Amino acid sequence: MSNALIVYGSTTGNTESVADTISTDLSNANYTIKKINVSDVGVDILNEAFDLYLLGSSTWGEDEIEFQEDFAPFYENMNGDLNLSGKKFAVFGCGDSSYEHFCGAVDALEERLAKLGATLVCESLRIDGEPEESEINEWTQDVINAA
Ligand SMILES: Cc1cc2nc3c(=O)[nH]c(=O)nc-3n(C[C@H](O)[C@H](O)[C@H](O)COP(=O)(O)O)c2cc1C
């Protein structure tokens, strides 16, 4: 059996509901899940051994990209003290394509993870507006196939 860590930040509950669906889908595929709100954890959790790490943040801000407010300090601490080489990651987040930087937090996370040596297993999930279950189910299947 494989295990997976899901860390998410969510202000109005959208990214949290995506994390819940991903968690259910991975459980159904026999993963053991640790799902944590980012406000309850520090980056040290990324030093723990999981087969798969999933990070999710919505995007806020007007002119510049802002992480979801609880996720911002976690992202700031994702620095050179972490060595993520050999670890498998997938990224997800909610946004709104009417903003200039659609899901900018997802883009920033992808970049940072690559810099820290992590492997991104597949294209990130960028949800535009209300999360649709089928879209999440399909993406999670892609993650499982690639992990
Ligand atoms: C003031 C404000 C700024 C936002 N800025 C962005 C943005 O820059 N890019 C984007 O993709 N979405 C933006 N959004 C949309 C949110 O990311 C979207 O509503 C998302 O579903 C919130 O997810 P959450 O409930 O998980 O926090 C913004 C929303 C608000 C209200």
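Modeller: A polar contact here is a pair of N or O atoms within 3.5 Å. This is a predicted model: local features need pLDDT of at least 70, side-chain atom pairs count only at pLDDT 80 or more, and totals for chains, interfaces and linings use all residues. Residues are numbered from 1 along each chain, and side-chain values use heavy atoms, without hydrogens or water.

Colleague: How far is an oxygen atom of the ligand from an N or O atom in the side chain of Thr12?

Modeller: Look at the side chains first. Ser58 has a side-chain N or O atom 2.7 Å from a ligand oxygen. For the side chain of Thr12, the distance is 2.4 Å.

Colleague: Which residue has a backbone N or O atom 3.5 Å from an oxygen atom of the ligand?

Modeller: Turn from side chains to backbone. There, a ligand oxygen lies 3.5 Å from an N or O atom of Cys94.

Colleague: How much of the ligand does the protein bury?

Modeller: Start with the ligand alone. It then exposes 650 Å² (Shrake-Rupley method, 1.4 Å probe). Of that area, the protein buries 84%.

Colleague: Which elements give two or more residues to the shell around the ligand?

Modeller: Elements are DSSP runs: helices of at least four residues, strands of at least two. One helix and two strands qualify here. They are α1 (14–28), β4 (59–60) and β6 (88–95).

Colleague: How many residues surround the ligand?

Modeller: Count residues with a heavy atom within 4 Å. Ser10, Thr12, Thr15, Ser58 and Thr59 are the closest. The total is 18.

Colleague: Which residues does the UniProt annotation "domain: Flavodoxin-like" cover?

Modeller: The annotation comes from an unreviewed entry. Such annotations may be inferred rather than shown by experiment. This one covers residues 4–144.

Terms used. A polar contact is a pair of N or O atoms within 3.5 Å; within protein, one must be able to donate a hydrogen and the other to accept it, and residues adjacent in sequence count only if both atoms are side-chain atoms.
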